[in-house]
Amino acid sequence: MSTFAVVVFPGSNCDHDAYHAMKHVLGQEARFVWHKESSLDGADAVILPGGFSYGDYLRSGAIARFSPIMGEVARFAAAGGPVLGICNGFQVLLEAGLLPGGMRRNRRLKFICEHVHLRVEQTDTPFTRLAARGRVLRIPIAHGEGNYYADPETVAALEANRQIIFRYTAPDGSRDEAWNVNGSTAAIAGLCNAARNVVGMMPHPERACEAALGSEDGRVILESAVVALAAAAAGGVEQRAAAAQP
Amino acid sequence: MIDQQTIEAHGLTADEYQRVLEILGREPNLTELGIFSVMWSEHCSYKSSRLHLRKLPTRGPRVLQGPGENAGAVDIGDGLAAVFKIESHNHPSFIEPYQGAATGVGGIIRDIFTMGARPVALLDSLRFGSLDEPHTRRIAEGVVAGIAGYGNSIGIPTVGGEVAFDESYAGNPLVNVFCLGIAGADALILGRAEGAGNAVYYVGAKTGRDGIHGATMASAEFDEKSEEKRPNVQVGDPFFEKLLLEACLEVMRTDALVGIQDMGAAGLTCSTCEMGARGGSGIEIDVRRVPQRESGMTPYEIMLSESQERMLFIVRPGREAEVERIFEKWDLHAVRIGQVTGDGLLRVRDGGALVAEIPAKALADEAPLYDRPASPPADLPRRQALDPGALEPPPPAEALAALLSSPQIASKRWVYRQYDHMVRTNTVVPAGMGAGVVRVKGTGRALAFAVDGNGRYCYLDPYRGAQLAVAEAARNVACAGAVPIGATNCLNFGNPERPDIMWQLARAIDGIADACRALEIPVTGGNVSLYNETDGEAVHPTPVLGVVGVIEDARRVLGRTFRRAGAAVVLLGDATPELGGSEYLKRVHGLVRGQPPALDLERERALQRLVAGAAADALIESAHDCAEGGLAVTLAECCFQSGGIGVDAAISEPSGGGDRGAAAAALFGESASRVVVSVADGREGDLLARAAEAGVGALPIGRSGGDRYRLAVGGTTMIDAAVAELERVWERGLARYFEDEAA
């Protein structure tokens with residue numbers, strides 16, 4: 001069993017949802033980490049949850065990135081630890097420079113809460129390894145500032161490095177600007193860093209883990225992390241076992 | 001010192017001022033006059049309605065807290081309580097729609113967590129003028145954005161509600177917000193000040209000059225100068241309230257508090273004297289210790305400010321440091337501003353100087369009480385007269401399209417898409433689909449709640465209209481599979497000093513009382529909003545009922561849409577040919593006339609129990625209340641958002657029909673106590689047998705399936721249309737007014 005640290009910023013409001021999904025739906029260890037703390041206390045993975053950190057009155061995530069815990073999150077990420085930023089958590093990752101690009105207000109300037117369709121573009125990250133490439137997931141969004149922007153060079157680099165993980169598409173998985181719900185550059189709904197261990201996404205997988213809530217498509221993302229961590233742990237055991245041999 | 005003009009400017013009558021003199025035994029100073037004026041305002045004192053509100057049934061086996069506290073509470077099993085209330089923010093929302101609505105949300109949320117409950121859901125009941133008016137569109141956009149801005153940020157899902165449109169609300173929109181929270185049944189915290197010497201603390205936002213006399217403003221009519229009252233509207237800060245919410249809930253878990261109350265209307269004044277009065281104590285505070293946002297504020301301004309996101313609480317002796325530490329964790333600074341006393345007085349100091357000294361009970365409980373004259377409006381007989389036979393009905397398909405595209409009936413997606421209705425991952429019925437339903441984590445249960453009102457019905461007959469509001473809210477909850485267990489009400493009326501308005505108010509309260517008694521749904525609290533008038537024109541009398549129900553097995557929650565093709569469709573309840581007050585009359589013939597639908601409360605109760613029972617035993621797969629737009633619209637809504645499942649249904653010619661209006665009444669009449677259900681495979685016989693046993697009419701009318709909507713009356717097909725076509729009309733009905741969302 002792996003331990004997931006759910007970071008709580010003042011104004012986080014999906015922290016309990018992420019905790020519930022990891023602990024009660026997926027049966028993992030989950031623990032809240034207050035933003036003023038400076039240690040992740042041995043967690044195996046980090047989730048930056050959704051919400052309105054510091055009210056997001058300035059720019060989403062702009063203040064949260066200065067929280068004491070973020071230094072530790074950056075170190076954890078640099079060491080290859082899996083980090084998932086959901087919605088506001090994604091915005092915090094962008095502001096912290098752990099992922100490239102920025103967020104603008106949604107194309108039509110209004111908050112949007114509804115289920116959207118995402119196509120899985122890449123599977124070699126800790127949060128997509130169980131998903132088939134091209135699979136279309138139905139997962140909710142809930143944001144006012146999810147219109148991802150990056151300049152053309154950055155987007156070209158993201159494409160070249162296969163860092164675009166999820167795109168907004170039509171239900172059948174076809175690219176169609178009408179289904180690019182918030183107007184994001186290249187219909188980007190989620191991306192990873194160059195090392196592929198840090199993933200940010202605007203849609204909320206933790207809201208799509210139980211049939212009672214209307215979709216279970218988010219499970220594959222969180223379960224991927226569980227499997228990735230288990231594999232890493234097993235690999236670690238094998239390595240240690242190998243190292244112990246004369 | 002206090003002259004006639006000052007007394008009038010504070011909204012006190014000569015009699016009321018005389019009473020102030022008697023209570024004090026001397027002349028009040030200006031601060032004291034201000035305190036009396038807000039506490040004795042209609043908004044805080046309920047002086048016109050209190051006498052009538054006493055008729056409401058407030059007790060029941062599940063009631064843990066009735067009216068009189070910050071919110072009501074009912075037992076939902078597993079040692080948990082549902083804490084809920086509805087409140088209006090009509091006047092501020094007209095003056096400044098975004099902030100008016102936002103602070104309405106913030107205020108009701110505070111009422112709920114003040115009781116020790118974690119707020120888990122919001123609903124709104126909104127009423128605007130006609131969307132053809134640009135001004136109304138601006139108000140509607142602002143109100144919806146304000147609700148979204150506050151609710152989304154603080155992270156409490158807005159899971160449903162209602163939006164209605166009628167010209168009578170053009171100059172005075174109604175913004176009623178309902179909030180529900182969950183608390184330990186034995187851990188409710190009350191707004192009481194007890195224990196002389198206990199510390200009185202202030203925590204939250206600093207006090208500014210915003211909202212001074214907000215409660216007084218909410219107790220007066222509007223005129224052309226109302227826009228000038230904009231500075232009276234407070235500004236909300238949902239982030240700050242989120243901190244306050246988390247910090248307060250954490251403090252409450254320590255058992256260190258004696259009592260707590262939020263500062264809503266009349267701010268520091270109301271919270272101090274109400275807490276003192278409830279606990280039979282006095283409170284002494286020093287306004288100089290109150291954190292202030294602006295310099296040079298007078299004691300008068302500090303006591304009357306309605307700055308948002310502030311709380312007052314009393315700490316048990318010796319626990320002060322512990323409480324302060326928790327607030328510090330959330331970057332909040334709790335300040336000791338005074339103490340509880342044993343003398344029953346609200347005593348306000350400004351440093352060393354005594355600036356006010358008034359018996360707390362006199363302010364809170366001994367406000368004037370009026371039995372205002374009431375008489376029916378002179379034109380009531382004309383309103384109630386209707387001859388449907390004289391109307392030329394349009395082709396049914398045209399009428400259905402007109403109704404589906406009416407903003408009143410059309411999809412509210414444009415609204416609820418702006419609300420985060422999923423946060424907290426408890427929302428088990430999608431927003432916009434009838435009652436709001438949230439599961440209660442850690443139990444197998446779910447809670448359903450609905451807010452309903454119908455100003456048109458009440459305009460035609462306030463007594464029956466109010467009963468119908470109770471019945472519809474409860475029926476909506478039953479359609480989700482829940483047993484209704486408690487209600488809250490928000491009474492929106494005009495100026496009670498006018499006998500016709502007072503008559504409407506009194507009759508409506510009678511209606512609510514009788515309906516709640518018959519349906520065995522106790523009223524645990526609510527709110528009265530009077531003086532909803534602009535330039536002498538009152539809104540339609542609009543009591544809004546919020547009803548809460550419990551579903552024992554969350555897996556049995558029902559939605560309104562058909563779940564599969566081939567299910568038997570059954571109409572439960574009986575129809576009589578009636579069109580009075582219907583959306584059809586308004587939309588198609590431009591009339592608000594006639595008698596609202598008849599209501600037999602015994603039948604209503606039997607129907608609701610039948611539906612909830614059939615849901616619990618999985619006899620039915622969907623249930624939808626037959627309301628505005630009648631059977632024709634209800635059936636269409638059962639098809640919408642189902643993935644395109646159609647319906648083929650037929651009903652017989654209504655008895656007593658024959659005239660030209662008979663088919664229209666059968667299709668679009670709004671007879672009460674009816675529900676359209678789709679039946680689980682092979683359970684039709686069981687359902688019909690149960691209905692017969694319960695004395696509820698049950699008519700198999702057809703089957704779900706195909707991609708067309710077909711409805712026949714008396715053997716003649718009245719409507720035959722593609723579901724996709726109808727759904728498009730319904731989807732665009734409201735959104736079309738807000739062109740930026742065209743897509």
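The following exchange concerns a predicted model and the criteria behind its descriptions.

Modeller: In this predicted model, local features need pLDDT of at least 70 and side-chain atom pairs count only at pLDDT 80 or more, while totals for chains, interfaces and linings use all residues. Residues are numbered from 1 along each chain as its sequence is written, chains are lettered from A and ligands numbered from 1 in the order in which they are written, and side-chain values use heavy atoms, with hydrogens and water left out.

Colleague: Why is Cys273(B) said to be in no disulfide?

Modeller: A disulfide is a pair of cysteine sulfur atoms within 2.5 Å. The nearest cysteine sulfur to that of Cys273(B) belongs to Cys270(B) and is 5.8 Å away, so the criterion is not met. For Cys209(A), the nearest cysteine sulfur, that of Cys14(A), is 13 Å away. Over all chains, the structure holds zero disulfides.

Colleague: What makes Cys209(A) count as buried?

Modeller: Buried means under 20% relative accessible area, exposed over 50%, and partly exposed in between, with a 1.4 Å probe and protein chains only. Cys209(A) has 1% relative accessibility and therefore counts as buried. Cys273(B), at 0%, is buried too.

Colleague: Which residues have the most contacts inside the largest nonpolar core?

Modeller: A nonpolar core is a set of buried Ala, Val, Leu, Ile, Met, Phe, Trp, Tyr and Cys residues joined through side-chain atoms within 4.5 Å. The largest has 141 residues, and those with the most contacts inside it include Tyr148(A), Phe166(A), Phe313(B) and Phe327(B). Helix H10 (residues 238–252) of chain B gives the most to this core, with nine residues; helices (H or I, at least four residues) and strands (E, at least two) are DSSP runs, numbered from the N terminus.

Colleague: How do you know that the span of helix H7 (residues 97–114) of chain B agrees with expectation?

Modeller: The expected span is 1.5 Å times one less than the number of residues. For the 18 residues of H7(B) this gives 26 Å, and the end C-alpha atoms are 26 Å apart, so the two agree. Of these 18 residues, 17 are buried.

Colleague: What makes a space a cavity, and how many are there of 30 Å³ or more?

Modeller: On a 1 Å grid over the protein atoms alone, a cavity is a set of points where a 1.4 Å probe fits but cannot get out. The count is eight cavities of 30 Å³ or more. The largest holds about 740 Å³, a volume being the space filled by probe spheres set on the points, which are joined across faces, edges and corners. Its lining, meaning residues with an atom within 4 Å of a point, has 39 residues. Strand S5 (158–165) of chain B gives the most to that lining, with five residues.

Note on methods
On a 1 Å grid over the protein atoms alone, a cavity is a set of points where a 1.4 Å probe fits but cannot get out, and a pocket is an open set with protein on both sides within 12 Å along at least five of seven lines; lining residues have an atom within 4 Å of a point.
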